[in-house]
Amino acid sequence: MAEDISETYTTRPISGFGISLSGGQDMDGQGYADILVGAHSSSHVVLLRSRPVINVQGAIKLNNTILSPKKDETECLSNPSSTKSCIDFTICFTASLALAGSSKSSGVRATIDYTVTGDSGYEYLGNRRVRFNVAGDASTSVYTGSTVVDVNGMEQCILMVAYITEVKDVLKAVEFEMEYTLAPPSSVQYEDIDTYPIMDVLSYSIPSAKIDFKRECLTPNCLTDLAVVAMFTDVKNVIPVEETEQTGNNEFVFDSNRVDKLNLTVTLTVEESKDRAYETFVYVNLEPELRYTGVSTSLDPSASCSDGNKEFTLIVCSFGSILQGETRNVTLTLSFDELGPSFTTINVTTNTTSEDNHAANDFASLKVKVNIVTDLELLGSATRGDSVEYGDGDVKGVSAIETDADIGDYVQHTYTIINSGEYGSVSKVSLIVQWPYEIAASGEYLLYMTMTPRIVGVAAGKGQCRTDTKYINSQGYEVIEEDDLAVVPLRRRRQVDSEAAGVAPTGEVSSSNIVNLNCFEKTANCFNITCEFFDLVPKETIKVRFNSRLWNSSLAQEYSEGVDLVRIASTGSLFIDPAAKVSQTNTNNDFTNVYTEAKPNFVNITQPIKIWIIIVAAVAGILLLILIIIVCWKCGFFKRNRPTTYGVKVEKQRGEYEQVSQRDQDALT
């Protein structure tokens with residue numbers, strides 16, 4: 001990289017620096033050209049020397065030929081009092097000028113920074129098998145140091161010692177690696193340029209050395225044959241045998257009402273049938289529905305298991321070395337929030353650092369699913385103690401109504417869905433409500449729905465209701481919503497009058513003259529409302545409210561006489577999606593009726609006269625008038641007798657008139 005050079009690099013101010021240059025000459029004999037810079041105005045010449053370029057070769061030399069993890073089989077020369085086995089070795093450096101034949105061979109020194117990594121080719125979960133500190137942790141498997149060497153082509157070495165930790169895998173050799181580089185200059189102003197050479201990177205390589213462990217195998221390559229078996233432990237204690245369905249060699253189906261609500265236990269069995277298996281591990285892969293919560297090593301205290309990731313979906317169990325014919329067992333406890341109708345798979349694999357000549361039996365799997373057994377219950381309730389009144393006040397027609405309050409009493413039906421099961425969500429359930437909106441006999445409005453049904457509570461976001469919008473406030477009235485939580489019965493005019501007179505309001509209906517208006521007897525015309533809900537967890541409750549108005553004028557016209565009570569019912573039914581694969585212990589509580597009882601109240605009522613009464617009255621009046629006319633005509637009422645004197649007087653008056661007229665004419669002539 002180019003660098004600007006100015007007179008500031010000199011020890012005294014000079015002028016005219018750089019007026020002339022001369023290069024191509026090796027002034028210090030190191031084999032690289034230097035540069036002379038002239039400063040004519042100051043009568044000075046400045047020599048710019050090249051830094052020495054050197055080759056550095058590193059090496060690692062082991063003093064041991066074989067390594068045993070046992071202290072009494074490996075002598076630790078560097079520290080005889082150590083309680084652990086150790087490895088004595090040296091690291092060596094050879095530095096020389098890069099250009100052969102350079103006359104500069106003395107006075108050049110190099111500072112080398114180096115890093116030695118012990119057991120570099122072996123690392124599982126950060127657990128290397130060597131330490132450079134006898135009491136050190138895993139971080140002391142790497143040693144960093146610095147040394148100064150003469151650039152004279154002679155090898156210069158440093159003694160090192162590494163301690164062996166507890167070793168289970170003796171098949172893989174311990175390897176040491178070393179990286180090194182020249183230390184950077186401490187400042188830009190070099191006091192002695194020979195102490196800051198440049199290393200030729202083309203000659204650089206990473207030295208390494210390996211040492212093998214002593215093996216205890218029957219065959220040269222420790223040929224093994226591992227087999228792993230996974231099974232649910234003591235299934236009889238989890239689910240009775242007669243209620244367990246095994247669909248295959250590794251597929252199990254449990255009923256949720258009998259399975260342990262929190263855990264499943266799985267026993268892993270590893271068996272060695274040939275030679276010793278060193279560093280044997282079992283890996284258990286879980287799907288997200290299952291989580292590892294614990295392990296029982298009572299049958300094998302030397303085994304250990306831990307979660308291999310933060311999601312608890314990979315479990316790693318270490319068995320160490322397994323001898324020929326030896327069987328090792330460990331029992332895992334797996335927890336679950338929910339197992340659904342689809343199979344959840346547990347995959348188990350085993351491996352060893354020994355050579356396994358039959359890998360087909362190193363894998364096992366278990367598949368488990370749960371038949372969700374639950375009990376969905378449907379409850380219904382109505383506001384105002386299930387009872388309202390009709391006929392009280394002015395009865396208005398459809399066109400005269402302005403707000404929904406003019407229609408009649410506020411009626412709210414509430415349907416409550418309860419998942420009474422102990423385990424497992426119901427992925428999809430539908431509530432179908434048949435709503436009585438018309439009187440079947442007359443086609444008049446009955447329960448006029450004012451708004452779309454609402455899902456209330458914490459489960460409001462778990463579902464939705466839908467129906468034909470033509471049934472929701474079909475007349476487009478202004479809706480005045482009443483308080484759903486504190487509905488108080490209205491004070492009727494009759495109740496007010498009775499209380500003023502000291503008379504108690506009318507009690508229960510004593511007559512049996514009751515009119516039933518509902519969907520199942522087809523006495524009411526109904527439309528369907530479908531509400532769908534998803535993922536109902538155990539013990540969850542969902543409420544749906546249906547707001548309406550009792551059409552007062554319809555009941556006042558149809559049931560004004562001879563009726564003591566009109567009982568109106570909506571009907572709700574639950575349906576579970578077959579794809580959810582859920583069975584119920586009781587289906588008799590999947591449907592219910594919600595009743596509203598309407599009592600007549602015709603005190604001080606202004607009721608419009610029915611049109612047929614008006615027509616009959618008009619026709620009867622006309623017929624009566626005709627009958628009177630006929631009777632009068634028959635009686636001669638319309639015939640009148642004229643007196644005879646009236647005719648004489650007329651004739652007399654006519655003669656007198658003619659005489660007067662004749663006299664008037666004669667007078668004029």
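**Notes on a predicted chain rich in strands**

1. The chain contains five helices and 38 strands, and the reader should keep in mind from the start that this is a predicted model. Of its 669 residues, 39% count as buried, while the accessible surface of the chain comes to about 36,600 Å², with carbon and sulfur atoms supplying 52% of that area. Among the contacts in the chain with a separation of 6 or more, 80% join residues that are 24 or more positions apart.

2. It is useful to begin with a hairpin, in which strand β2 (residues 34-39) and strand β3 (residues 44-48) pair in the antiparallel sense over five bridges. Within this pairing V37 of the hairpin stands opposite V46 in β3. Four residues lie between the two strands, and in this hairpin S43 takes a positive phi near 55°. As background, strands of a sheet pair through backbone hydrogen bonds, either parallel or antiparallel.

3. One of the sheets to look at next is an open one of five strands, in the order β7-β9-β5-β4-β11, and its pairing is mixed. Its edge strands, each of which pairs on one side only, are β7 (130-131) and β11 (198-199). At one edge, β7 pairs with strand β9 (residues 155-164) in the antiparallel sense over two bridges, and the bridge partner of V130 in β9 is I164.

4. Another open sheet has four strands in the order β8-β6-β10-β12, and here the pairing is antiparallel. The edge strands are β8 (142-150) and β12 (208-211), each pairing on one side only, and the twist from one strand to the next averages 20°. Four bridges link strand β10 (residues 174-182) to β12 in the antiparallel sense, with V174 standing opposite I211 in β12. When following these strands by eye, it helps to recall that in a regular strand the side chains alternate between the two faces of the sheet.

5. K172 is a residue worth locating with care, and it is found in the loop between β9 and β10. Is K172 buried, partly exposed or exposed? K172 counts as partly exposed because its relative accessible area is 37%, a value that falls between the limits of 20% and 50%. Leaving aside neighbours within four places in sequence, K172 is in contact with G121, Y122, R129 and F213. The C-alpha atoms of K172 and I211 are separated by 9.2 Å, although these two residues are 39 apart along the chain.

6. Turning to the interior, the largest nonpolar core has 78 residues, and those with the most contacts inside it are L431, F533 and V566. Strand β29 (residues 426-439) gives the largest share of this core, namely seven residues. Apart from this core lies another, of 36 residues, among them V108, M160, V170 and M178. In soluble globular proteins, nonpolar side chains tend to be buried together.

7. Which residues does L431 touch, once its neighbours within four places in sequence are left aside? The contacts of L431 include L378, Y415, I417, I529, C531, F533, V544 and L574. Its partner I417 lies in strand β28 (residues 410-419), and I417 is classed as buried because its relative accessible area is 0%, where the limit for that class is under 20%. With neighbours within four places left out in the same way, I417 is in contact with E377, L378, L431, F533, L536, E540, T541, I542 and L574. The C-alpha atoms of I417 and G380, which are 37 residues apart along the chain, are separated by 9.0 Å.

8. Finally, two lysines deserve a check of their backbone angles. K522 has a phi near 60°, a positive value in a residue other than glycine, and K522 is found in the loop between β33 (514-517) and β34 (524-536). K522 is exposed, because its relative accessible area of 70% lies over the 50% limit. K539 likewise is not a glycine and has a positive phi of about 70°, and its place is the loop between β34 and β35 (541-550).

Key
Residues numbered from 1 in each chain as written. Heavy atoms only, no water. Pairing = 2+ DSSP bridges. Axes fitted to C-alpha atoms, helices over the stretch in contact; angles between N-to-C directions. Buried < 20%, exposed > 50% of the residue type's maximum accessible area, 1.4 Å probe, protein only. Contact = heavy atoms within 4.5 Å. Areas by Shrake-Rupley, 256 points an atom, 1.4 Å probe, with all protein chains shown as cover. Core = buried A, V, L, I, M, F, W, Y, C linked by side-chain atoms within 4.5 Å.
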